[in-house]
Amino acid sequence: MFIHTDDITAYIPQRTPIVMISGILEVDGPKTRTGLHIAPDNVFVENGVLTPPGLMENIAQTAAARIGYIARQENSPVPLGFIGAVKDLEIFELPPAGQMIETTTEIGGEVFNATMVTGKVMYDGRVMAQCEMKIFINPQIQ
């Protein structure tokens with residue numbers, strides 16, 4: 001599976017210039033993998049690298065892509081989600097602009113409209129960042 005940038009905004013609520021995934025690589029149960037080509041003019045690039053807020057947004061949008069993918073499969077509108085909390089954020093390196101990163105999120109639990117996910121950003125076989133996020137879904141806002 002690869003859903004490319006041209007179609008990706010049908011799966012996530014974000015719009016340019018805040019779109020932080022280039023495509024969905026895999027949605028398999030609780031696991032989602034996405035790719036992002038880091039454009040040099042990305043709003044989260046400074047001094048030639050993707051900044052920590054960009055890494056966090058990339059993880060959050062990877063989690064959102066799973067929800068959007070499932071909604072599209074069910075012919076439902078893609079719901080809005082909000083980051084409720086970030087826990088144990090670790091930034092090891094900042095990936096360079098012009099390169100591709102791959103991000104994986106995995107659902108740890110879902111209670112009502114709250115979803116706990118773990119996320120990890122990889123570049124060139126190395127972990128760039130990882131964290132846990134609590135994401136709230138509001139199915140009323142689309």
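# Exercises on strands, turns and salt bridges

S6 and S7 form a hairpin with two residues between them, and Phe112 in the turn has a positive phi of about 50°. This is a predicted model, in which local features need pLDDT of at least 70, side-chain atom pairs count only at pLDDT 80 or more, and totals for chains, interfaces and linings use all residues. Residues are numbered from 1 along each chain as its sequence is written, and side-chain values use heavy atoms, with hydrogens and water left out.

**Exercise 1.** Find how S6 pairs with S2 and S7, and which residues stand opposite Thr103.

Solution.
- Step 1: Strands are DSSP runs of E with at least two residues, helices are runs of H or I with at least four residues, and both are numbered from the N terminus. Two strands pair if DSSP finds at least two bridges between them.
- Step 2: Strand S2 (residues 31-37) pairs with S6 in the antiparallel sense, over seven bridges. In this pairing Thr34 stands opposite Thr103 in S6.
- Step 3: S6 and S7 also run antiparallel, joined by nine bridges. Here Thr103 stands opposite Val121 in S7.

**Exercise 2.** Locate Phe112 and Asn75, and state whether each is buried or exposed.

Solution.
- Step 1: Buried means under 20% relative accessible area, exposed over 50%, and partly exposed in between (1.4 Å probe, protein chains only).
- Step 2: Phe112 lies in the loop between strand S6 (100-111) and strand S7 (114-123). With a relative accessible area of 84%, Phe112 is exposed.
- Step 3: Asn75 lies in the loop between helix H2 (52-73) and S5. Its phi is near 55°, a positive value in a residue other than glycine. Asn75 counts as exposed at 74% relative accessibility.
- Step 4: Most residues other than glycine have a negative phi, and most peptide bonds are trans.

**Exercise 3.** Which residues does the cis peptide bond join, and where is Pro17?

Solution.
- Step 1: The cis bond joins Thr16 and Pro17, with omega about 10°.
- Step 2: Pro17 sits in the loop between helix H1 (5-8) and strand S1 (23-28).

**Exercise 4.** Trace the salt bridges of Glu102 and Arg126.

Solution.
- Step 1: A salt bridge is a side-chain nitrogen of Lys or Arg within 4 Å of a carboxyl oxygen of Asp or Glu. By this rule the count comes to five salt bridges.
- Step 2: Glu102 meets Arg33 at 2.7 Å, N to O. This pair links distant parts of the chain, with Glu102 in strand S6 and Arg33 in strand S2, 69 residues apart. Glu102 is partly exposed at 31%, and Arg33 is partly exposed at 22%. Glu26, Arg33 and Glu102 are linked in a network of salt bridges.
- Step 3: Arg126 meets Glu93 at 2.9 Å, N to O. Here Arg126 is in strand S8 (residues 126-138) and Glu93 is in the loop between S5 and S6, 33 residues apart.
- Step 4: Arg126 also meets Asp124, at 3.5 Å, N to O. Arg126 counts as partly exposed at 33% relative accessibility, whereas Asp124 counts as exposed at 59%.
- Step 5: Side chains of opposite charge can pair when their charged atoms come close.
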